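User: I'm new to this structure and would love a close look at one part of it. Could you walk me through the place where the two chains meet?

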Amino acid sequence: MIRIINQITGPDEGRIVFDGRPQSQDNIYRIGYLPEERGLYKKMKVGEQALYLARLKGLSNHDAKKALKEWFEKFEIDSWWDKKVEELSKGMAQKVQFITTVLHKPDLLILDEPFSGFDPINTNIIKAEILRLRDEGATIMLSTHNMESVEEICDEIALINKSKKILDGSVKDVKNSFRNQTYSISFTGDLLSFGNALWTNFELIDKKSQDDVHKCTIKLGDGKKLNDLLQAVMPTSEIIEVHEVIPSMNEIFIQAVSENQPEIIVES
Amino acid sequence: MSKIGIIIRREYLSRVRKKSFVIMTFLGPILFIGIMAAGIWVTQVDQTQHHVLVIDHSGLVSQTEQSSNRLESRFQDRFVESSDITYAFTKERPSDDEFKEGPYTLMVEFDDGIFQNHKGYLFYKKVPSVTFTSRLSRELEAALEQLKVTQDLSISFEEYKRLKTPVSLVQKDIEKQDETSLKQEQAAIGMVFAVIIFFFIFLFGSLVMRGVIEEKTSRIVEVIVSSVKPFQLMLGKIFGIGLVGLTQFVMWVLLSFIFLSIAEAVFNAGYLNPSTLVDAQEMANMGNNQADFYQTLAQNDAFNILLRINWPVMLGLFLFYFVGGYLVYASLFAAIGAAVDSETDTQQFMTPVMLPLFFSYLVAIMSVNNPEGMAATIFSIIPLTSPPVMMIRAAMGISGPQVWQLVLSMTLLVAFFFFTVWIAGRIYRTGILMYGKKPTWKELGKWIIYKS
């Protein structure tokens with residue numbers, strides 16, 4: 001799909017609407033695309049190469065040079081301008097590649113696994129840049145398997161499994177829909193009597209003990225509230241901490257994909 | 001600047017700036033001139049000074065000179081000494097040791113038996129060159145001939161010379177009867193152009209292929225095709241590299257001229273000067289009257305061949321077929337590059353592209369001997385083989401009924417270029433984004449037919 005938006009391949013069926021109008025040739029100037037399979041000419045100098053790619057995106061020589069200088073200063077890589085790409089490390093090359101993707105101030109930024117090859121420090125730099133571009137009004141499409149970054153950056157997600165969309169919505173909504181009345185509760189006191197206090201409609205999912213501090217994960221039954229749980233266990237336990245267990249995107253991913261598996265198998 | 005323009009610029013500059021390009025540009029003419037100079041040097045070295053002792057047992061070609069009381073040549077214009085050869089005569093063969101230590105490099109021995117068995121003997125310390133040996137035997141032959149004429153016939157040698165009637169068939173084209181025909185010699189000049197076209201296609205076509213593979217393996221191609229159409233990228237690459245080739249070619253021609261004139265100035269080398277070449281030939285002409293005839297003919301023709309070729313047309317056609325042939329083959333090479341992942345995988349697809357190229361080269365060689373033959377005519381029209389073959393025909397001059405063949409050939413080449421570039425564009429479009437597997441012929445076919 002990403003390639004279709006970028007007009008690299010044509011769609012089998014359907015059509016693309018870009019900014020309310022049917023897709024046209026000129027739109028590629030408004031898209032910035034960082035493919036998953038990416039690279040640079042190894043023998044070419046960094047600056048020349050970035051200039052070349054910028055000019056292919058429709059920038060004039062002068063504008064491209066100016067914008068590049070700004071970005072290179074921002075990333076503190078001015079000294080790389082005359083280096084050949086093959087002299088750079090993978091992370092360094094990725095940085096250059098990122099610059100060439102966003103240089104022409106695209107309205108739509110398509111990033112396919114943008115953080116691969118970056119160390120944590122540079123990941124944060126890039127992340128900050130992505131968020132800044134979002135705040136400046138760019139639409140950003142992030143394709144990744146890294147669910148942590150999804151949680152941090154994305155406003156809305158769509159989960160695609162075996163070319164079928166199985167989940168979409170804002171990150172908040174998706175997370176809410178995957179909440180299932182599960183709480184984690186830490187306390188000191190007798191574990192046995194704690195267990196006895198949980199009568200019907202509470203389900204003990206997990207328990208861990210360290211010294212005399214116990215940590216239990218409990219799923220509430222229908223119609224129960226956190227207060228009911230607390231009332232039940234308060235007489236026997238000294239409660240230290242209680243919080244709701246919200247599934248991470250990672251867990252949602254696993255759950256959504258595994259739930260959809262049987263259906264897929266039937267289809268195929 | 002249009003996108004293709006930007007791409008051409010990059011393809012061109014990134015290659016022209018390479019050290020290897022600069023080195024090759026200068027090294028090419030130096031190597032070329034070096035080989036030429038080495039060739040001249042070798043022939044010079046081979047021209048050793050020969051002192052020939054003619055052992056004339058029966059006094060056939062020598063007689064005692066009254067004044068000096070020494071044996072000398074019987075005929076004024078035979079056994080004439082020149083810069084690289086001296087003659088001495090004797091009736092008695094010296095002993096082997098005497099010869100070995102003596103000043104003579106060669107001994108020629110014969111007696112009157114030579115009229116029956118037609119054999120003389122040549123003794124040497126070092127093997128003389130074949131040309132020198134034949135020159136000696138020609139000399140002896142001519143001397144004996146003169147002897148026979150003057151002794152056995154009652155006419156003077158001058159009269160005999162007049163009797164002798166050497167004949168050479170001068171070819172005439174029925175269309176252009178006022179000219180002597182030098183078709184084959186002209187075709188040989190066409191061959192030079194054909195060879196240039198062949199190597200240009202071969203070298204720079206595969207450079208296009210390697211360029212495409214490089215883009216694939218470095219994974220930059222998807223970045224670029226998100227900005228430009230694959231077709232534009234392919235055309236930009238083909239044109240860019242083509243310009244690199246043209247630049248290199250023009251530089252080679254220019255530098256060769258410059259280096260040659262420098263070399264001539266520095267060494268004041270006589271052999272590079274055409275006027276001394278003629279002198280040398282004239283000197284050789286004095287050798288044998290029969291050889292005279294051919295040599296004078298050849299001498300005039302060397303000029304004639306060059307004058308006979310219609311240079312504006314020839315160079316124009318050369319440029320056309322040079323560029324046209326390159327474009328056709330380069331687009332095929334680009335398609336191959338797009339279809340494979342690495343250079344080692346190219347073999348399977350290279351063969352069908354290289355085959356017509358080598359074949360056209362073969363046809364061109366054959367056409368030199370038979371420039372107006374069937375094969376030359378047919379293959380100078382078929383696009384994949386026409387560039388080198390048509391060079392041969394163009395060198396002979398194209399006129400009358402051949403003009404339409406030329407027009408047909410040129411039209412077909414242009415049409416075929418559009419066809420190959422279309423096919424290549426379709427393979428390219430799909431191929432550049434395919435990693436990890438080598439397509440089969442069937443899949444390539446699908447890529448071509450598949451609608452976008």
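Analyst: Happy to; here is a walk through the contact between the chains, seen mainly from chain B. Please keep in mind that this is a predicted model.

Let's begin with the extent of the contact. Chain B brings 25 residues to it and chain A brings 24 residues. Between them, about 2400 Å² of area is buried, and carbon and sulfur atoms give 56% of that. On the side of chain B, the residues that lose the most area to chain A are B:Arg10, B:Glu222 and B:Ser226, which together make up 24% of what that side buries.

Next come the polar links. The interface of chain B and chain A has one salt bridge by the rule used here. B:Arg17 and A:Glu48 form a salt bridge in which the closest N and O atoms are 3.1 Å apart. As for polar contacts, five residue pairs are counted between the two chains, with both residues at pLDDT 80 or more.

Which helices of chain B supply at least two residues each to the side that touches chain A? They are helix H1 (3–16), helix H7 (183–217) and helix H8 (221–225). H1(B) gives the most, with six residues. Sorted by class, the side of chain B that touches chain A holds eleven nonpolar residues, ten charged ones and four polar ones.

So much for the tour: if you want a place to start looking, try B:Arg17 and its salt bridge with A:Glu48, then turn to H1(B) with its six residues on the side that touches chain A.

Methods: Residues numbered from 1 in each chain as written. Chains lettered and ligands numbered in written order. Predicted model: local features only at pLDDT ≥ 70, side-chain atom pairs only at ≥ 80, totals over all residues. Heavy atoms only, no water. Contact = heavy atoms within 4.5 Å. Buried area = accessible area lost by both parts, 1.4 Å probe. Salt bridge = Lys/Arg side-chain N within 4 Å of Asp/Glu carboxyl O. Polar contact = N/O pair within 3.5 Å; in protein donor to acceptor, adjacent residues only side chain to side chain. Helix = DSSP H or I, 4+ residues; strand = E, 2+ residues; numbered from the N terminus. Nonpolar A, V, L, I, M, F, W, Y, C, P; charged D, E, K, R; others polar.
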